[in-house]
Amino acid sequence: MTLRANYLDLASKAMQILMNQESYLREQFSVSETVTTQVWELVKLRVSQINQCAFCIDMHSKDALSQGETLERILGLSAWRDMPLYSEIELVALDWAEYLTAGKPADDENYKKVVQVLGEQTVVDLTIAINAINSWNRIAKTFKPEVGSYKPQ
C-alpha cells in the first residue's frame, strides 16, 4: 500500500468539524423513533458499498455487528430490495440513501414519500448523514487508511 497524506493531522480542524457532525447525528438517531442508530449504520454501510469504499465497508460492518445487527441482514444489504429482512422505515431510508448517493435531484414525489414515513426532522438529519458518509467515503478512498485496522469502540 502506498502511504498517503495523514489527513487527520494535516486538516485536524476540518476533521473535527466532521467528527462534531457525527456526534450530532449520533445524538439525533439515538433518540429517534424512526431512523435509529441501527438504521443509520445500515445506511452508512449501504452507501459505502455503492461507493466501493473498502475501509468504510469494513468499519460499518464491524460497527453494525457490535451493535447487534445480524450477519444475514448485513450480507443481504447489497440486495435489500429483494430481501424480506428490512422494515418499512429501513426500506425508505435505504432508498433515500441510494437516491441521494446517485446524485439525483430530490423530486417532490420521493421527498413526500420519505417525509410521510420518517417526518421532516428525520429527513433533514438523514440527508445530512447520507452527505456525511459520502464525504467520508471520498476521504477514505483518496487517503487509503489501512483496511482491516478498524476496531469498534
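Leaving aside neighbours within four places in sequence, Trp 96 is in contact with Ala 106, Asn 110, Tyr 111, Val 114, Val 123, Leu 126, Thr 127 and Ile 130, contact being heavy atoms within 4.5 Å. The model is a predicted one, in which local features need pLDDT of at least 70 and side-chain atom pairs count only at pLDDT 80 or more, while totals for chains, interfaces and linings use all residues. Residues are numbered from 1 along each chain as its sequence is written, and side-chain values use heavy atoms, with hydrogens and water left out.

Trp 96 also appears among the residues with the most contacts inside the largest nonpolar core, alongside Val 35, Val 43, Leu 77, Val 114, Leu 118 and Leu 126. This core has 34 residues; such a core is a set of buried Ala, Val, Leu, Ile, Met, Phe, Trp, Tyr and Cys residues joined through side-chain atoms within 4.5 Å, where buried means under 20% relative accessible area with a 1.4 Å probe and protein chains only. Two or more residues each come from α2 (12–31), α3 (37–50), α6 (88–101), α7 (108–118) and α8 (120–143), with helices taken as DSSP runs of H or I, at least four residues long, numbered from the N terminus. The largest share, eight residues, is given by α8.

A second, separate core of six residues includes Cys 53, Phe 55, Cys 56 and Tyr 150. Both of these cysteines are worth a closer look. Cys 53 counts as buried at 1% relative accessibility, and Cys 56 counts as buried at 4%. The sulfur of Cys 53 has its closest cysteine sulfur in Cys 56, 3.3 Å away, which is too far for a bond. The structure holds zero disulfides, a disulfide being a pair of cysteine sulfur atoms within 2.5 Å.

Conventions:
Buried < 20%, exposed > 50% of the residue type's maximum accessible area, 1.4 Å probe, protein only.
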